[in-house]
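Before reading on, please look over the sequence and the model together. The report below takes up cysteines, charged pairs and one helix in turn.

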Amino acid sequence: MSDTDITVYTRPGCPYCFTLRRGLRRAGLYFREINIWDDADAAAFVRSVANGNETVPTVTVGEVSLVNPSAQRVHAMVGESRH
């Protein structure tokens, strides 16, 4: 369980998004999920941190953005943000 704000930007049918969500749930991390196909502002944000691409999953952990991270990387970032 985490008190750090985690947002996962996804799109339907993305196998990498599925894998990441599963890994985060297994680690007990709570996150907010945003479908970039339903939210133009979210899509613009993803493009702003992914070199103009709509690469998903893109994740924010607090103020840090990660493009296509593993669940382990997100978990590590949560640990780092607690210090």
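A disulfide is taken here as a pair of cysteine sulfur atoms within 2.5 Å. By this rule, the predicted model comes to a count of 0 disulfides. Two cysteines can nevertheless be placed with respect to the surface: Cys14 is buried, with a relative accessible area of 4%, and Cys17 is buried as well, with a relative accessible area of 0%.

Cys17 also appears in the surroundings of Thr10, a residue that belongs to strand S1, which covers residues 6-10. Thr10 counts as buried, its relative accessibility being 3%. When neighbours within four places in sequence are left aside, the residues in contact with Thr10 are Cys17, Arg21, Glu33, Ile34, Asn35, Ile36 and Val56.

Two of these contacts of Thr10, Arg21 and Glu33, are themselves joined to each other by a salt bridge. The structure holds 2 salt bridges, and they are set out below with the distance between N and O atoms.

| Salt bridge | N to O distance | Relative accessible area |
|---|---|---|
| Arg21 and Glu33 | 3.1 Å | Arg21 16%; Glu33 36% |
| Arg47 and Glu54 | 2.5 Å | Arg47 34%; Glu54 36% |

In the salt bridge between Arg21 and Glu33, Arg21 lies in helix H1 (residues 15-26) and Glu33 in strand S2 (residues 32-35), so the pair ties together parts that are 12 residues apart in sequence. Arg21 is buried, whereas Glu33 is partly exposed. In the salt bridge formed by the side chains of Glu54 and Arg47, Glu54 counts as partly exposed, and Arg47 likewise counts as partly exposed.

Helix H2 can be followed from its start to the residues just after it. At the start of H2, a side-chain oxygen of Asp39 comes to within 3.0 Å of the backbone nitrogen of Asp41. Within H2, which spans residues 40-49, the buried residues are Ala42, Ala43 and Val46. Seen down the axis of H2, these buried residues fall within an arc of 100°, so they line one face of the helix. They pack against S1, S2 and strand S3, the last of which covers 58-61. On the other side of H2, Ala40, Asp41 and Ser48 are exposed. Just after H2, Asn51 adopts a positive phi of about 55°.

Definitions and conventions:
Residues are numbered from 1 along each chain as its sequence is written. This is a predicted model: local features need pLDDT of at least 70, side-chain atom pairs count only at pLDDT 80 or more; totals for chains, interfaces and linings use all residues. Side-chain values use heavy atoms; hydrogens and water are left out. Buried means under 20% relative accessible area, exposed over 50%, partly exposed in between (1.4 Å probe, protein chains only). Helices (H or I, at least four residues) and strands (E, at least two) are DSSP runs, numbered from the N terminus. Contact means heavy atoms within 4.5 Å. A salt bridge is a side-chain nitrogen of Lys or Arg within 4 Å of a carboxyl oxygen of Asp or Glu. The arc is that of the directions from the helix axis to the C-beta atoms. A polar contact is a pair of N or O atoms within 3.5 Å; within protein, one must be able to donate a hydrogen and the other to accept it, and residues adjacent in sequence count only if both atoms are side-chain atoms.
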